[in-house]
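This report describes how the parts of one protein model fit together and how a metal is held in it. The sequence and structure are shown first.

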Amino acid sequence: MKKNPIIWTNVLLFSSSFLVAAVAAPYYALTIGFTAVEIIAMILCMGYCGIAITAGYHRLWSHKTYDAHPILQWIFAIGGAFALQNSVIHWASDHRDHHRHVDDNDKDPYSAGKGFWYSHIGWMLRDYQGDTYNNYNNVRDLQKNPILAFQHKHYLSLALLTNIGVPVLLGFIFGNMWGMLLSVGVLRLVLSHHFTFFINSLAHIWGKQTYTDQNSARDNGILALLTYGEGYHNYHHIFEYDYRNGIRWWQFDPTKWLIKSCSWLKLTWNLRTVPEDRIAQAVAKMQLKRAQQKAMLLPNSEQLLQLLEQEYQLLMVKLQAYYQLKKDFLQQRRAALVNQYNASEFAQRYQELKEHLQQQQNHWQRLTAAFQ
Ligand SMILES: [Zn+2]
Ligand SMILES: [Zn+2]
């Protein structure tokens, strides 16, 4: 079979920058040594590139999980060019295809089904998509955004300006051109590239499938540390319209923290989240599925399956009752129908349902854990 043509620009770019980062930078570090200023500047620039991709390219534009002030949009658009990950329009087009056709080896541009290398970087080294690549049918909404149209049109100039301009400027200011070129120029670029690429490769291979097993995406707290919170990829693939990826307070998701903090400054608004009951339902459904698979292998499987089904239904009833009451109350409060009397009645009923749900949830946890 004929192989797809090699994209030489990408091959040369990825291999030469990697070589410099793997050989020249360590050599420089051992012989001359990077200063604290160079290391701090590299970390800050790496964070800027990373967040521009996760908060901007990914959660703002690919998935429209919130709205952002033009100032913030410009910051992200320039940061994405600095990260050298193509224009937003190009990136989001690929990414929307990735979600729509996840794991489909023909239609998912970086399908994890084709292995680690392919989903990490291989998909960019050859022209796999041919003519379909530049039609941008799925990003018409983004093409109408003047900031993104500008960034797309002038992507190359912006990329050169930031990738050469920033390290040269810093080198000039701090009086060490080679140190800045190696740290802020190359090392920052290579690390920021591969940390992002891990989301397409490792986050589809390594971790837990807490919310769904309908696709290969995984939740992985370690990857979240390198990817500004995007390691919670299993959650992201089932609830892609949520501006959060790590939804628990203890999960490391600086992208979420940034978006939320910006909302207090009126730089972001319309932050979208998935209702809690839908999340709880997804978790319980996965737990049921796993327990059923184990129960089938046991001698008294029929009774066990029945028990699981009963307890699961009970959990669903209690979940629904609790969240329905909460929703009704909030609706009434918004319509100003709540007076002192029904507020106290609500509080009592709410506490009752909450306790019922918690009891059943504990019971359910113990039951499903027994099947692990
Ligand atoms: Zn996504
Ligand atoms: Zn993915």
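## Polar links between the domains

Between domain 1 and domain 2 there is one salt bridge. The model is a predicted one. In a salt bridge, the side chains of Lys289 and Asp213 meet at 2.8 Å, N to O. Two residue pairs are in polar contact between domain 1 and domain 2, both at pLDDT 80 or more.

On the side of domain 1 that touches domain 2, five residues are nonpolar, four are polar and three are charged.

## Domain layout and contact area

The assignment divides the protein chain into domain 1, residues 8-269, and domain 2, residues 276-369. To their contact, domain 1 gives 12 residues and domain 2 gives seven residues. The C-alpha centres of domain 1 and domain 2 are 38 Å apart.

About 700 Å² is buried between domain 1 and domain 2, with carbon and sulfur atoms giving 61% of this area. Of the area that domain 1 buries against domain 2, 54% is supplied by Tyr211, Asp213 and Phe239, more than by any other three residues. Asp213 is also the residue whose side chain meets that of Lys289 in a salt bridge.

## Zinc site

Which residues are the protein donors of the zinc ion (ligand 1)? They are His58, His63, His95, His99 and His236, each through NE2, and they lie 2.0 to 2.2 Å from the ion. The spacing of these donor residues in sequence is H-x4-H-x31-H-x3-H-x136-H.

Two of the donors, His95 and His99, lie in helix H4 (residues 88-100), where they are four residues apart, about one turn of the helix. The zinc ion (ligand 1) is separated from the zinc ion (ligand 2) by 5.9 Å.

## Salt bridges in the model

The count of salt bridges comes to eight. One of them joins the side chains of Glu230 and Arg59 at 2.7 Å, N to O. Glu230 lies in the loop between helix H10 (221-226) and helix H11 (233-238), while Arg59 lies in helix H2 (residues 36-62), so the pair ties together parts that are 171 residues apart in sequence.

Terms used
Residues are numbered from 1 along each chain as its sequence is written. Chains are lettered from A and ligands numbered from 1 in the order in which they are written. This is a predicted model: local features need pLDDT of at least 70, side-chain atom pairs count only at pLDDT 80 or more; totals for chains, interfaces and linings use all residues. Side-chain values use heavy atoms; hydrogens and water are left out. Domain bounds come from an automatic or database domain assignment. Contact means heavy atoms within 4.5 Å. Buried area is the accessible area (1.4 Å probe) that two parts lose on being put together, summed over both. A salt bridge is a side-chain nitrogen of Lys or Arg within 4 Å of a carboxyl oxygen of Asp or Glu. A polar contact is a pair of N or O atoms within 3.5 Å; within protein, one must be able to donate a hydrogen and the other to accept it, and residues adjacent in sequence count only if both atoms are side-chain atoms. Ala, Val, Leu, Ile, Met, Phe, Trp, Tyr, Cys and Pro count as nonpolar, Asp, Glu, Lys and Arg as charged, and the others, Gly among them, as polar. Donors are N, O and S atoms within 2.8 Å of the metal (3.2 Å for Na, K and Ca); water is not among the atoms, so sites may look incomplete.
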